[in-house]
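Hi everyone, thanks for making time. I'd like to walk you through a couple of helix pairs and then say a word about cysteines. Have a look at this one with me.

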Amino acid sequence: MASVHESLYFNPMMTNGVVHANVFGIKDWVTPYKISVLALLYEMTASKITLPERRKLNKLILPLQQGPDLTLGQFLETVEECSPQTAYAVKIRLHEMADGELKDMEFFFSTIPTQFTAFDSEAYKTSVVGLFIRHMLLAYNKLSFSQVYKLYKSLQHYYHSHYAKPADEHTEDTEGDRMDKEELDTTLHEGDSAPSRGPLSQKQAEYFLARQAYLLKNDENKALKPAALQEELNNMLKFNPDFAEAHYLNYLNSMRVQDIFLSTHSLLHYFDRLILSGNEGKSNGDEGYGRSLRYAALNLASLHCRFGHYHQAELALHEAVRIAQESNDHVCLQHCLSWLYTLEQMKGSDSTVLTEDSVKMAAHFCLPYLASLGIQSLVQQGATQGKTAHKLMDALKDTDILHWKHSLSELIEISLAQTTSIWRMYGKSTMALQQAQLLLNMSSLEPVNFGVQQNNTEAFAVVLCHLAELHAEQGLYSTASQIIQHLKERFPQHTQHAKLWMLCDLKIQFEKHMNEGKYNLAEPLVTAICALNKTEGLYRKAQVLKALNCSTEAYSILQELQAHCEKTKCTEMVIRVMLSTAELHWESSGFSTALPLLLQALALARQHHLQSLASETILHLSFTQLMLGVPEQALNVLHEAMEPILAHGSVMDKGRAMLLAARCQMAVAGFKPNQQGQAGNNSRLVVLAVDSLNEAAAYFSKLDCKERLRDVHYLHAQLHHSLGQTAQRNKSAMLFRALDQELQSPNHHHGADLPAAV
């Protein structure tokens, strides 16, 4: 299920996407790159440009002004994508200055005021462009003659260093620097190969930090790579070690790569610098270093929670609670309470009472975000404790009203992802598919910022993984592969949610190989699954061992896994383990010994409303009764599960059900192999058995499940022989023989007839 506490941490760096950083002595200065931007603005005013090109250039101006300096190659490439004519004019303008004399640059700065103070100029004094031009002119006019000369030499170096490159190197660089127009805001400053060009101005630093923090939260794929971002932050801190917000972004970046040492180091440095840089001397109220101290302890607790250091997290939370109580900070106390019940959940304890208290207090203090998170957490706990679906959906409906009322887009996404997970857990694949599509087709309530559409969050990753698994269950492996490929593009391996699609991909591949009987290909996947999820890995290891007839080893693993899952209250896995253990009983101690285990599994599945697992358990019970010689009872029990399986089950479950139905119908009809003309009064059941086998064959063909297809063709041949249909019998016999030779198994293996993968 989607984690409902993914964003539950205090981010003091950002307020409405703006970083509050006022630690630079110089707000802005003139650089060769900014002269290039001035040349672009000059040419946009002086020359005639088509309306579409002007619109593209207008969108380009703000990131060019606020972002870090670009190389000339990057700058011209970016402008050329919007307007080749303007890019050429800018190049000529820079050429005149760089290849001319100092007076040419002086003349350029002297013409700027007259160009932009004209009556019809689009650059007003208070506009973004107007303020930028005024800042540049003021900074230029404050320069001494020697500084102006150094600026001119820098401009020459900036211009000529671009054209001094060899042709092949230039081609390679421009190829690497080429950027998609739609991703301009994201990739504009990703010149990883470019060396550090000195300190950023205040505005550049503010823009860079706000932009990267926003991308890390909403679309990590579009943010700088961890190493590149670390290099930029190190460069920033080299010129200003007391820049608190840079330390906080360093903390977020370290969390991406699970670096516990650097994360803790950066977080502590952030709050140290924040306290030292401020002039507040009071320890109470909403401001002051007291507020920083309590949120420092809270953030430290969340850090330890994410790394599984529960004892350290608990100590930090108690410290945060103590300071917040002294300061009478109810908001901080609510955050602490939210993390307390989250910590209890992580430790495997029952946190229902704590969560309910958190919801009540959050509602009392009008904190809709925390109240909604608490309700979603209660729903998640209720689902694992066996609450009925209508109660959980009613609770989610109430939170959805709250989300839409306060435009909490992030929580709407989490709610839909959680609903999808709940329906899948209950075995209602159609409803899960509907909820997944609802989220994927929903327009974001968030304003578009930095080119992010609020669609690369954990909720979308969870839903897309469900979608891939649902398609794989129906035998649509190519479609599932396309969805996984899409996930790989949106959530690359270095991102924090990549583990979701990695595990999903491995599970789909494993099930595919097991269905096809390729156990040698399924076995290597177990190790990779164990690395991502030990419980899932052990279960699949037992499946492979069982398929390879290593019953003793499989039984030992299943017993160990069942004890662990009962302790952690993982009911779904407990039931699956019980079913696998029952299959081992079939092969060893007999069918009667499996009945108590299957009845216990069925009671557990019904208690927790797990329809899919209940149906699978009924298939096992029906097969057991068939083997014990009561086919009429087996057929009656099977009919109970047939409807939910055909409505919501996987293709494999449908095939198993139809094959088992055919075997029960044959047994009820008193069918005996190798006897012709025995249909008699039970011909109707025999014809029904043929129809059931036809359906089973269609399902197994979709999955390329050759072992089960071989059994279907064998039974087909027997039935057609009893009905005197020689041509159909011969066709089925030929298909059986071909598959039998392909599988290199001369003896019929009854295990392939079982209603579960064995």
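So, helix α2, residues 51-66, packs with helix α6, residues 128-141, at an angle of about 35 degrees, and their axes are 11 Å apart. Keep in mind as we go that this is a predicted model. The crossing of α2 past α6 is left-handed. Who makes the contact? On the α2 side you'll find I61, L62 and Q65, and on the α6 side V128, V129 and F132. Sorted by type, that contact has five nonpolar residues, one polar and no charged ones.

Okay, on to another pair. Helix α32 covers residues 651-668 and helix α33 covers residues 683-703; they pack at an angle of about 160 degrees, with axes 8 Å apart. An angle over 145 degrees counts as roughly antiparallel, so that's what we call α32 and α33. Their crossing is left-handed too. The contact list is a long read, so just a sample: from α32 it includes V651, M658, L659 and M666, and from α33 it includes L685, L688, Y699 and F700. Here the residues of the contact split into 16 nonpolar, three polar and four charged.

Last bit, the cysteines. How many disulfides do we count? Zero, going by sulfur atoms within 2.5 Å of each other. As for where a couple of cysteines sit, buried means under 20% relative accessible area. C305 comes out at 3%, so it is buried. C705 is at 2%, so C705 counts as buried as well.

Key
Residues are numbered from 1 along each chain as its sequence is written. This is a predicted model: local features need pLDDT of at least 70, side-chain atom pairs count only at pLDDT 80 or more; totals for chains, interfaces and linings use all residues. Side-chain values use heavy atoms; hydrogens and water are left out. Axes are lines fitted to C-alpha atoms, for helices over the stretch in contact, and angles run from 0 to 180 degrees between N-to-C directions. Helices (H or I, at least four residues) and strands (E, at least two) are DSSP runs, numbered from the N terminus. A crossing is left-handed if the near helix is turned anticlockwise from the far one by less than a right angle, and right-handed if clockwise. Contact means heavy atoms within 4.5 Å. Ala, Val, Leu, Ile, Met, Phe, Trp, Tyr, Cys and Pro count as nonpolar, Asp, Glu, Lys and Arg as charged, and the others, Gly among them, as polar. Buried means under 20% relative accessible area, exposed over 50%, partly exposed in between (1.4 Å probe, protein chains only). Angles under 35 degrees count as roughly parallel, over 145 as roughly antiparallel, 65 to 115 as roughly perpendicular and the rest as oblique.
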